[in-house]
Amino acid sequence: MNTLEEMHIYVRVAEMASFTQAADSLGLPKASISMAVKQLESEVGTRLLHRTTRKVEMTQDGRAFYERCRDMLADMEELQTMFQGGEQISGRLRVDMSSGIARNFVIPHLPEFLAQHPRLELELSSTDRRVDLVREGFDCVVRVGALGDSSLIARPLGRFRQINCASPAYVARYGMPQNLDELTQHRLIHYVSTLGAKATGFEYFDGERTHAVAMQGSITVNNADAYQAACIAGLGIIQAPMPGCLHLVESGAVVEVLPQYPAEPMPVSLLYANRRHLPKRAKVFMDWIAELMRANVE
């Protein structure tokens, strides 16, 4: 195993903080992963990782070496492909996005993208959980909603308009709300990222700031698919990005309520690590995602 291969393995172990997970993601035996890191530490003359029975973390030298490895590996990949056309893009690309974006926008168009880049191996994570981009080894992630402070680079893609929805069965039982005062007689399906957190209630944007109306509700969910399913089942009103609900409105599974009180549009962003160079496959994929989303954002 040469030094570049050892560096690639070290980067994956450092990002995932696990020899076992790194071995699984690279398709190599755990013993080979461990031996590669030991050999690399011997070659550079310093300990790169602290190993315990419960976790693996980088030493101070290991952190500095990790940053240089990322840049060097990206440079090598760029050198190897700089005279090749887009059809020569190859390698493994790991991305994350919500299940709704994956289902409604990305996956339906993936066949044409992968046909253009047949040597690309795509690992697509679809979860409402906010993954740790660096630690879990993602090349980029698509995030919907406000971004927290981080060292990641954010590429804005636009904003999703939000819509208030309820099922025909719900409207038949509780009536169609006409104004905010009537919400006291209605139910809201609460959405939180972590169960146990406090729900904000019915939100609406007046053009300058967001207001919230406290509402009763019998169910709280932390998953976008469950959120839509609960609405279709007649359990209450939801507030969700318009592109993800459009097919439900068109099919009659849900109807729009209180269109004059929409929630604030949700920003859509691409996030990637702060690196001097990005692999060409990551650049190509992010440009494709940006173009794909252009028709669905405002």
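Strands here are DSSP runs of E with at least two residues, and helices are runs of H or I with at least four, numbered from the N terminus. All views show a predicted model.

**View 1. Asp-139, in the loop that leads from strand S4 to S5.** Strand S4 covers residues 120-126, and Asp-139 sits in the loop between S4 and S5. Is this loop residue buried or exposed? Asp-139 has a relative accessibility of 14%, so it counts as buried, the cut-off being under 20%. Neighbours within four places in sequence are left aside in the contact list of Asp-139, which holds Arg-92, Leu-93, Arg-94, Leu-271, Tyr-272 and Ala-282. Of these contacts, Ala-282 is also one of the buried residues of helix H10.

**View 2. Strand S5 and its two pairing partners, S3 and S14.** S5 runs over residues 140-144 and is mostly covered, with four of its five residues buried. Its pairing with S3 (residues 91-97) is parallel and rests on two bridges. Here Asp-96 has Val-141 of S5 as its bridge partner. The pairing of S5 with S14 (residues 266-272) is antiparallel, over four bridges. In this pairing Val-144 is matched with Val-268 of S14. In a regular strand, side chains alternate between the two faces of the sheet.

**View 3. Arg-94 over the ring of Phe-138.** The charge of Arg-94 lies over the face of Phe-138. Its distance from the ring centre is 5.8 Å. Arg-94 is also among the contacts of Asp-139.

**View 4. The open sheet S12-S7-S13 and the helices beside it.** Three strands make an open sheet in the order S12-S7-S13, paired antiparallel. S12 (238-241) and S13 (255-256) are its edge strands, each pairing on one side only. S7 (residues 162-166) joins S13 through two antiparallel bridges. Ala-166 stands opposite Val-255 in S13. Helix H8 (residues 224-232) packs on the sheet, where it touches S7 and S12. The direction of H8 makes about 130° with that of S12. Helix H9 (residues 242-251) also lies across S7 and S12. H9 runs at about 115° to S12.

**View 5. Val-254, in the loop between H9 and S13.** Val-254 is placed in the loop that links H9 and S13. How is Val-254 classed at 2% relative accessibility? It counts as buried. Leaving aside neighbours within four places in sequence, Val-254 touches Cys-165, Ala-166, Ser-167, Pro-168, Cys-231, Ile-232, Leu-248 and Val-249. Met-176 is 78 residues away from Val-254 in sequence. Their C-alpha atoms are 12 Å apart in space.

**View 6. Phe-113 and Phe-285, an aromatic pair between helices H6 and H10.** The model has eight aromatic pairs. What is the geometry of the pair made by Phe-113 and Phe-285? The ring centres are 5.7 Å apart and the planes meet at 75°, so the pair is edge-to-face, a class for planes over 60 degrees apart. The pair links distant parts of the chain: Phe-113 belongs to H6 (residues 110-116) and Phe-285 to H10 (residues 280-294), 172 residues apart. Phe-113 is buried, at 2% relative accessibility. Phe-285 is buried too, with a relative accessible area of 1%. Trp-288 joins Phe-113 and Phe-285 in one aromatic cluster.

**View 7. Helix H10, its span and its buried residues.** H10 has 15 residues. From its first C-alpha to its last it reaches 21 Å, close to the 21 Å expected at 1.5 Å a residue. The buried residues of H10 are Arg-281, Ala-282, Phe-285, Met-286, Trp-288, Ile-289, Ala-290, Leu-292 and Met-293. An α-helix has 3.6 residues a turn, so residues three or four places apart point the same way.

**View 8. Ala-17 and Leu-258, two loop residues with positive phi.** Most residues other than glycine have a negative phi. Ala-17 has a positive phi, near 55°. Ala-17 lies in the loop between helix H1 (3-16) and helix H2 (19-26). With a relative accessible area of 16%, Ala-17 is buried. Leu-258 is not a glycine either, yet its phi is positive, about 45°. Leu-258 is found in the loop between S13 and S14. At 2% relative accessibility, Leu-258 is classed as buried.

Key: Residues are numbered from 1 along each chain as its sequence is written. This is a predicted model: local features need pLDDT of at least 70, side-chain atom pairs count only at pLDDT 80 or more; totals for chains, interfaces and linings use all residues. Side-chain values use heavy atoms; hydrogens and water are left out. Buried means under 20% relative accessible area, exposed over 50%, partly exposed in between (1.4 Å probe, protein chains only). Two strands pair if DSSP finds at least two bridges between them. Contact means heavy atoms within 4.5 Å. Axes are lines fitted to C-alpha atoms, for helices over the stretch in contact, and angles run from 0 to 180 degrees between N-to-C directions. Rings of Phe, Tyr and Trp (its six-membered ring) pair if their centres lie within 6.5 Å; planes under 30 degrees apart count as stacked, over 60 as edge-to-face and the rest as tilted. A charge sits over a ring if NZ of Lys or CZ of Arg is within 6 Å of the ring centre and within 35 degrees of the ring normal. The expected span of a helix is 1.5 Å times one less than its number of residues.
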